[in-house]
There are 2 protein chains.
Amino acid sequence: MTTTAAPERRAAPPARRRILDTARNLFYGEGIRAVGVDRIIAEAGVAKATFYHHFPAKDDLVCAYLKEQSDLQRGLADGLRSAEGPAEERLVAVFEAVGEIGCGPGFRGCAFVNASVEYPDPAHPVRQVVAAHRAWFRGLVRDLLAATGHPDPDPTAGMLVMLRDGIVVGADLDDAAEVRALVRDAVTRLAAVPRS
Amino acid sequence: MTTTAAPERRAAPPARRRILDTARNLFYGEGIRAVGVDRIIAEAGVAKATFYHHFPAKDDLVCAYLKEQSDLQRGLADGLRSAEGPAEERLVAVFEAVGEIGCGPGFRGCAFVNASVEYPDPAHPVRQVVAAHRAWFRGLVRDLLAATGHPDPDPTAGMLVMLRDGIVVGADLDDAAEVRALVRDAVTRLAAVPRS
DNA sequence: CCGAGCCTAGACAGACCTGTCTGGTAAAGT
DNA sequence: ACTTTACCAGACAGGTCTGTCTAGGCTCGG
């Protein structure tokens with residue numbers, strides 16, 4: 001037990017953090033293929049050897065970038081999931097949060113969808129990170145839907161995942177404010193219990 | 001008036017067609033940045049000078065590729081739009097066609113969404129082709145919705161455009177067959193006249 | 001027969017890409 | 001004092017990218 005703070009293994013070294021932060025900004029903002037390793041190295045103020053020490057290949061950095069984004073979103077959603085209030089409102093809150101983010105500055109669509117476009121091979125490690133994230137989100141929606149007592153949570157969750165994808169694409173390519181204004185209604189219509 | 005067939009100006013030269021066909025396959029299947037001009041030239045069996053004669057820059061080819069895709073989709077949709085039957089069915093038919101295409105072999109999402117991911121600058125010519133295509137589709141949906149007598153065709157069209165984006169993303173990244181099975185229900189729920 | 005238009009073949013330039021390697025610095029643990 | 005670890009600086013190799021240029025062939029109308 002050393003005296004210095006070492007939360008788990010060791011505090012994340014600054015260089016790695018700087019690389020990851022720079023990569024996030026550039027990959028998300030300009031695209032993955034469009035950003036070279038050299039540029040990340042320059043903007044992060046890091047030596048090339050240090051970069052390749054932490055990330056043996058560019059794809060490793062891409063995976064780490066997406067995993068971190070996934071963790072962030074999971075943390076955010078867990079806050080909304082365990083809020084008080086009726087389950088219907090918590091479900092809507094998750095989608096409104098997506099619409100809200102879409103209105104924020106620098107929004108450029110879903111990092112996972114965008115990464116998939118740049119990695120066409122479904123077997124690529126990057127695509128597996130994307131698949132895991134999507135499976136998590138779908139599970140989240142299904143659980144919230146089940147908590148509302150919806151009779152068909154699974155197919156309806158499929159529809160709501162489509163809606164989520166439509167929100168992020170629409171907020172990027174069309175009018176984000178208009179998209180945001182439609183979110184609550186769209187969730188309500190899709191999640192409404194179909195009358196027999 | 002020459003005797004040879006000359007529909008408008010002159011029959012499309014084979015080289016240009018070969019370039020465009022090859023570009024479509026490679027750009028759509030592997031991504032735009034991922035495919036170099038050299039490879040298109042090689043697979044189209046065309047000289048480099050010929051390529052740059054028809055398309056002064058790669059971006060010109062990208063625009064032409066997308067414009068052609070847009071024209072194809074408009075032609076397809078016009079067939080569905082002017083079919084007989086109630087307007088509700090024609091609206092559903094448009095979306096089911098999207099779901100159907102998503103189940104086809106080689107489907108890799110929406111060419112326009114994918115291109116936007118690779119061209120982050122909204123002012124880029126490629127993005128303007130995308131914007132025009134999206135505006136057309138939204139107009140199509142709005143018109144069909146209005147034909148059903150829907151009281152709020154415009155916001156509902158916004159929701160249905162989101163659904164379309166969700167279908168193409170979902171069919172690419174998730175289970176296309178499941179997505180297709182959900183399309184009709186999702187359209188119906190979103191386009192249902194909200195009871196006061 | 002001849003010239004215009006469209007085509008092929010391929011060298012070339014200059015930039016950028018990923019990834020490797022050498023060598024040196026500085027702090028922290030033992 | 002010694003070693004380990006993390007870091008910085010930058011040259012280098014081998015490949016790919018877009019786009020330009022030279023040089024010539026093939027066909028068809030006049």
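**Exercise 1. A salt bridge between chains**

Task: Find the salt-bridge partner of A:Arg134 in chain B, then place this pair in the interface of chain A and chain B.

Solution.
Step 1. A:Arg134 pairs with B:Asp174 in a salt bridge. The closest N and O atoms of the two residues are 2.9 Å apart. This is a predicted model, so the distance is a computed one.

Step 2. Test the pair against the rule. A salt bridge needs a side-chain nitrogen of Lys or Arg within 4 Å of a carboxyl oxygen of Asp or Glu. At 2.9 Å, A:Arg134 and B:Asp174 satisfy it.

Step 3. Widen the view. The rule finds 4 salt bridges across the interface of chain A and chain B. Polar contacts join 10 residue pairs between the two chains, both partners being at pLDDT 80 or more.

Step 4. Look for the elements behind this surface. On the side of chain A that touches chain B, two or more residues come from each of H1 (14-30), H6 (111-118), H7 (125-147), H8 (153-173) and H9 (176-191) of chain A. H8(A) gives the most, with 14 residues.

Step 5. Sort the residues on that side by class. There are 18 nonpolar, 7 polar and 14 charged residues.

**Exercise 2. The extent of the interface**

Task: How many residues of chain A and chain B are in contact, and about what area do the chains bury between them?

Solution.
Step 1. Count the residues. Chain A brings 39 residues into contact with 39 residues of chain B.

Step 2. Turn to area. The size of an interface is often given as the accessible area lost when the parts come together. Here chain A and chain B bury about 3,300 Å² between them. Carbon and sulfur atoms account for 64% of it.

Step 3. Name the leading trio. A:Val117, A:Met162 and A:Arg189 supply 23% of the area that chain A buries against chain B. No other three residues supply more.

**Exercise 3. The symmetry of the pair**

Task: What rotation and what shift along its axis superpose chain A on chain B?

Solution.
Step 1. Recall the general case. Two copies of a chain are related by a rotation about an axis and a shift along it.

Step 2. Insert the values. The rotation is 180 degrees and the shift is 0.0 Å, with an RMSD of 0.0 Å. That is the relation of a two-fold axis.

Step 3. Locate the axis in chain A. The C-alpha atom of A:Gly166 is 2.3 Å from the rotation axis, the closest approach of any residue of chain A.

Step 4. Compare the contact surfaces. Both copies use the same surface: 100% of the contact residues of chain A recur in chain B.

**Exercise 4. Around DNA strand C**

Task: Which residues come closest to DNA strand C, and which elements give two or more residues to the surface near it?

Solution.
Step 1. Start with the surroundings. DNA strand C has 19 residues around it. The closest are A:Val37, A:Lys48, A:Lys58, B:Thr50 and B:His54.

Step 2. Split the strand's own atoms. Of those within 4 Å of the protein, 41% belong to sugar or phosphate, and the rest to bases.

Step 3. Check a base. An N or O atom in the side chain of A:Lys48 is 2.5 Å from a base oxygen of DNA strand C.

Step 4. Check the phosphates. A backbone N or O atom of B:Gly45 lies 3.1 Å from a phosphate oxygen. For B:Thr50, a side-chain N or O atom is 3.2 Å from a phosphate oxygen.

Step 5. List the elements. Chain A offers H2 (37-44) and H3 (48-54), and chain B offers H1 (14-30) and H3 (48-54). H3(B) gives the most, with 4 residues.

Step 6. Classify the surface. It has 10 nonpolar, 4 polar and 5 charged residues.

**Exercise 5. Within chain A**

Task: How many helices and strands does chain A have, and which elements do A:Glu68 and A:Arg17 link?

Solution.
Step 1. Count the elements. Chain A has 9 helices and 0 strands.

Step 2. Take the pair. A:Glu68 and A:Arg17 form a salt bridge, with the closest N and O atoms 3.0 Å apart. A:Glu68 sits in H4 (residues 58-81) and A:Arg17 in H1, 51 residues apart.

Step 3. Gauge the chain. Its C-alpha atoms fill a box of roughly 65 × 45 × 30 Å along the principal axes.

Methods
Residues numbered from 1 in each chain as written. Chains lettered and ligands numbered in written order. Predicted model: local features only at pLDDT ≥ 70, side-chain atom pairs only at ≥ 80, totals over all residues. Heavy atoms only, no water. Contact = heavy atoms within 4.5 Å. Buried area = accessible area lost by both parts, 1.4 Å probe. Polar contact = N/O pair within 3.5 Å; in protein donor to acceptor, adjacent residues only side chain to side chain. Nonpolar A, V, L, I, M, F, W, Y, C, P; charged D, E, K, R; others polar. Near = heavy atom within 4 Å. Least-squares fit on C-alpha atoms with pLDDT ≥ 70 in both.
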